[in-house]
Amino acid sequence: MGRVTERRKVLRIRDGVVSSRPDTLVAEEPLEIRLNGKPLAITMRTPGDDFALAAGFLVSEGVLAEGSDLQNIVYCAGATVDGSNTYNVVDVRTAPGVTVPDITLERNVYTTSSCGLCGKASLDAVRTTTRWPIADTPPLRVAPELLAVLPDRLRESQRVFDRTGGLHAAALFSEDGELLDVREDVGRHNAVDKLVGHALQNSGLPLSRAILLVSGRASFELAQKAVMAGIPMLAAVSAPSSLAVDLAAETGLTLVGFLRGSSMNVYAGEDRIALRTAAARG
């Protein structure tokens, strides 16, 4: 697509010295997601991985759960008045026989890059029942020492962030700490959708042996997306919200916040954290 970054003129002031120079910024454009030809949602995103983003979004909405649920995804031609294709509108076609929840079609959702899904009528409307309940058998067991190195591994993989400093990131790691996939986006919820959508497209759901790491905070929506994909552990470098903690406790999700070096807080699902006896006692 070639639209991940854009150049803009900036006035630079350093120690009283003023200069003019071009700066590299992360691109942000709207993406309209249509479901079987009907407009469903608009999200502000960084262009790229749009099909995976749309597929992951529909996993979190309870529409898709397996690769076979998806017939195809296409960019919509004639997305503008003059008939040109902006590559900002995608149509997701479900396979014959896939049941689409009524709640998904009855509302028009607007998603911003900062807050995620907005305008949900109630908390109950967000608590979509997953077709992949968290079921890591045998249970995932991860040492704090392994969790401690994951943020640096994520940071090393953020290629666009190095150029712009303006992107969130989400990554999937194996239980041994191997980086499985990483996505960047102006919205961290989009980055997670891109991960989940890519897994769906490659018949990789549920992600029952994976650790999801996100830059920034862990909102209710990110916890929901993890649960909907069958992910047993969500870690964030910043704070979780109270609703994220509640959802984690209800669904069996392990939720780790403030993951910074050897320090971290475990808010739910502590049984998956492989603590040494002495450390646990302290």
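A residue counts as buried when its relative accessible area is under 20%. With that cut-off in hand, here are some close-up views of this predicted model.

**View 1. Alanine 218 sits in a loop and is buried.**
Let us start with a single residue, alanine 218, in the loop between E11 and H7. Its relative accessibility is 1%, so alanine 218 counts as buried. Which residues does alanine 218 touch, leaving out those up to four places away in sequence? The contacts are Leu234, Ala236, Ala239, Pro240, Ser241, Ala244 and Leu255. Histidine 189 is also worth finding in this view: its C-alpha lies 9.7 Å from that of alanine 218, while 29 residues separate the two in sequence.

**View 2. Helix H8 has a buried face and carries exposed residues on the face turned away from it.**
Helix H8 covers residues 242-251, and its buried residues are Ala244, Val245, Leu247 and Ala248. Looking down the helix axis, these buried residues fall within an arc of 165°, so they line one face of H8. Turned away from that buried side is the face with the exposed residues Ser242, Ala249 and Glu250. What do the buried residues of H8 pack against? Their partners are helix H7 (220-228), strand E13 (254-260) and strand E14 (263-268). Follow the chain just past the end of H8 and you meet glycine 252, which has a positive phi of about 90°.

**View 3. Helix H6 is largely enclosed by the rest of the structure.**
Helix H6 spans residues 188-201, and a quick check of its length works out nicely: 14 residues at 1.5 Å a residue should span 20 Å, and the end C-alpha atoms are indeed 20 Å apart. How many of the residues of H6 are buried? Twelve of the 14 are, so the helix is largely enclosed by the rest of the structure. The buried set includes the charged-name entries Arg188, Asp193 and Lys194 alongside Ala191, Val192 and Leu195. Just after H6 comes serine 203, with a positive phi of about 55°.

**View 4. Six strands form an open sheet with mixed pairing.**
Reading across the sheet, the strand order is E10-E9-E11-E12-E13-E14. Which strands stand at the edges? They are E10 (179-185) and E14, each with a single partner strand, so one side of each has no neighbour in the sheet. From one strand to the next, the twist averages 20°. E13 and E14 pair in the antiparallel sense, over four bridges. To pick out one partnership by eye, look for leucine 255 and its bridge partner in E14, alanine 268. Helix H6 packs on this sheet, where it touches strand E9 (168-174), E10 and strand E11 (210-214). The direction of H6 makes about 140° with that of E10.

**View 5. Phe51, Tyr75 and Tyr87 form one aromatic cluster.**
A pair of aromatic rings is described by the distance of the centres and the angle of the planes. The structure holds two aromatic pairs. In the pair of phenylalanine 51 and tyrosine 75, the ring centres are 4.8 Å apart and the planes meet at 40°, so this pair is tilted. Phenylalanine 51 belongs to helix H1 (residues 50-60) and tyrosine 75 to strand E5 (residues 70-75), so the pair ties together parts 24 residues apart in sequence. Are these rings buried or exposed? Phenylalanine 51, at 28% relative accessibility, counts as partly exposed, and tyrosine 75, at 22%, counts as partly exposed too. Tyrosine 75 also pairs with tyrosine 87: the centres are 5.0 Å apart and the planes are at 80°, so this pair is edge-to-face. Tyrosine 87 lies in the loop between E5 and strand E6 (89-94), so here the parts tied together are twelve residues apart in sequence. With 37% relative accessibility, tyrosine 87 counts as partly exposed.

**View 6. Strands E1 and E2 make an antiparallel hairpin.**
Strand E1 (residues 5-14) and strand E2 (residues 17-26) run antiparallel and are joined by ten bridges. Which residue of E2 stands opposite valine 10? That residue is arginine 21. At the turn, two residues lie between the strands, and aspartate 15 takes a positive phi near 55°.

Note on methods
Residues are numbered from 1 along each chain as its sequence is written. This is a predicted model: local features need pLDDT of at least 70, side-chain atom pairs count only at pLDDT 80 or more; totals for chains, interfaces and linings use all residues. Side-chain values use heavy atoms; hydrogens and water are left out. Buried means under 20% relative accessible area, exposed over 50%, partly exposed in between (1.4 Å probe, protein chains only). The arc is that of the directions from the helix axis to the C-beta atoms. Contact means heavy atoms within 4.5 Å. The expected span of a helix is 1.5 Å times one less than its number of residues. Two strands pair if DSSP finds at least two bridges between them. Axes are lines fitted to C-alpha atoms, for helices over the stretch in contact, and angles run from 0 to 180 degrees between N-to-C directions. Rings of Phe, Tyr and Trp (its six-membered ring) pair if their centres lie within 6.5 Å; planes under 30 degrees apart count as stacked, over 60 as edge-to-face and the rest as tilted.
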